Amino acid sequence: MTTSPLFRRAASLLLLALIVAGCGLLGDDDAPAVSDGPDDVEVTNPTVRVSHGDRWFDVSESELDADFDQTLPTKVAALDVEIIQATDASIRFRDGVFEVVESTLGRAPDFDALATDLRDALTAGTEAISVPLADVSPSVTDQDAAEETDDLNRRLAGGVKVSVGSETGVLPPEIVGSATSVNHVDGRWAVTVRWEDLADTVAALFPDVGTEGGEAYFEVTEASDEVPPAVRIVSGDPSTTCCDSTSARRLEQALESDVEVARLFLQSVESERGRAWATDLGITELVGTFTTRYTPGQDRVKNIRRFGELVQGVVIEPGETFSLNGHVGQRTREKGFFPAGTIINGHLVDSVGGGISQFATTIFNASFFAGLEFETYQSHSIYFSRYPYGREATISWPNPDLKIHNPSPYGVLLWPTSTASSITVDIYSTEWAPGEQTGQWQTAIQQACTRVTTERTRTWVEDGHTETDTVFATY
């Protein structure tokens, strides 16, 4: 069969197409996608090893962010780099003069240099670097200290002139320097004088300065028609002596600047029984009073009034006991007492100081109503109508005695006063537990004597509770 040339050309083109398709040149569904570049190119992140001794850490280029300089010290700290602290120059006193204690350099990692080295190493492709160290200078140099030392020695030369009031003296350089410390604080030199090391020397330099204080005592002002009596504290001012510890600042100023004379201060020394003591006792108001009467002009009246004078102003402190005999002592003519009638063994005889049992009874009753307590007391063996029945006391030398106890937290002031015809004992304090008589009964003792028991009820001001106790007399 014969074919035409046109047919043979078409068949050749078809065969070529099939060959191309079979070689995959036209593509198929299972063929891989075409990439934009070669598959075998590896992306790298360079690192640098930072070491010190046998320790290290690695830093990559990606870690060099904005916060890297702040985290770098923490990384370096893990390497245990030895840090040598710089020491500042200082000043000390030795062998009579101030001298410089020289400063020393320190050594520490240089973080700024390390950050720069890291960036340079990453750029250059360096694999490892060491932690760079740098000298650390002291904050206070030897020159700073030398200038201050020169000034101190110039001001200390010949001692420090001081004065108290109108008196002047000189403290030796060795004494002042030995008590002085010099420190650099907040950018300046500060001088500190240890007053406890100088106090005795200064006091010996001015033995006659100061004033003598005194003990405080109480007075009761007299009443008038418009004004009641009032308690006031008298004296009790502190003593003054050389010298107050604040004087140390004056000495410091003399060493810090060109002060010609350092003026020192006296110190106040409070007396053990000074004004503060008196104030703290709380003696402010009348808490008990009692009056008994007598016939004017008798010697016994002189004794009663004299005893009251000696007791006036006595303070019984909280928790203490007051003894009449212990305070006044034996009654003698030298103390202002006279012979007068005294009951001894049931008989009335004359003795120096006779009649003072009336004072004992008066203060006994004032104490009874003031809420005080009786540690020791004894009644007369014979009842006298001028006294409250069953509520009285007697004293003689050396016994019997009357001892009054103060159970309150306040001081108690005894203030006896007298007239030609009466003796009164007023007791001042802060009202604590006032008393009143709430009962009385008698008990026969054998055939000749009677025991009179008197009940007292005390009412506590603080909370209103009451308690009862008793006193007795035997006639």
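Modeller: Helices (H or I, at least four residues) and strands (E, at least two) are DSSP runs, numbered from the N terminus. This is a predicted model, in which local features need pLDDT of at least 70, side-chain atom pairs count only at pLDDT 80 or more, and totals for chains, interfaces and linings use all residues. Residues are numbered from 1 along each chain as its sequence is written, and side-chain values use heavy atoms, leaving out hydrogens and water.

Biologist: Thanks! In which loop does Cys-243 sit?

Modeller: Cys-243 follows Cys-242 through a cis peptide bond, with omega near -10°. Its loop begins after β14 (239-242) and leads to α7. So the place to look for Cys-243 is the loop between β14 and α7.

Biologist: And what is omega for the bond joining Trp-397 and Pro-398?

Modeller: Pro-398 belongs to the loop between β22 (373-376) and β23 (403-405). The bond that joins Trp-397 to Pro-398 is cis, and its omega is about -5°.

Biologist: Which residues of α7 are in contact with α4?

Modeller: Helix α4 (residues 142-156) and helix α7 (residues 247-256) have axes that come within 8 Å and cross at roughly 115° (lines fitted to C-alpha atoms, for helices over the stretch in contact; angles run from 0 to 180 degrees between N-to-C directions). Contact here means heavy atoms within 4.5 Å. On the α4 side, Leu-152, Arg-155 and Leu-156 take part. Their counterparts in α7 are Ala-254, Leu-255 and Glu-256.

Biologist: What is the order of strands in the open sheet with β17?

Modeller: Two strands pair if DSSP finds at least two bridges between them. The edges are β17 (285-293) and β18 (315-316), each of which pairs on one side only. Four strands take part with antiparallel pairing, and their order is β17-β25-β24-β18.

Biologist: Which residue of β24 is the bridge partner of Ile-316?

Modeller: Strand β24 (residues 412-418) and β18 pair in the antiparallel sense over two bridges. Within β24, the residue bridged to Ile-316 is Val-412.

Biologist: Which strands of the sheet does α11 touch?

Modeller: Helix α11 (residues 357-370) packs on the sheet, and its direction makes about 145° with that of β17. The strands that α11 touches are β17, β24 and β25 (422-429).

Biologist: Which element gives the largest share of the largest nonpolar core?

Modeller: A nonpolar core is a set of buried Ala, Val, Leu, Ile, Met, Phe, Trp, Tyr and Cys residues joined through side-chain atoms within 4.5 Å. The largest one has 33 residues, and among those touching the most other members are Phe-307, Phe-359 and Leu-414. Two or more residues each come from β17, α9 (299-311), α10 (324-328), α11, β24 and β25. The largest share, seven residues, is from α11.

Biologist: Which residues of the sequence stretch 311-316 does Leu-414 contact, setting aside its neighbours within four places?

Modeller: Beyond that stretch, the contacts of Leu-414 include Phe-322, Ile-363, Asp-426 and Ile-427. Inside the stretch they are Val-311, Gln-312, Gly-313, Val-314 and Ile-316.

Biologist: Lastly, is Asp-80 buried or exposed?

Modeller: Asp-80 lies in the loop between α2 (68-77) and β3 (90-94), and has a positive phi of about 55° although it is not a glycine. Buried means under 20% relative accessible area, exposed over 50%, and partly exposed in between (1.4 Å probe, protein chains only). Because its relative accessibility is 52%, Asp-80 counts as exposed.
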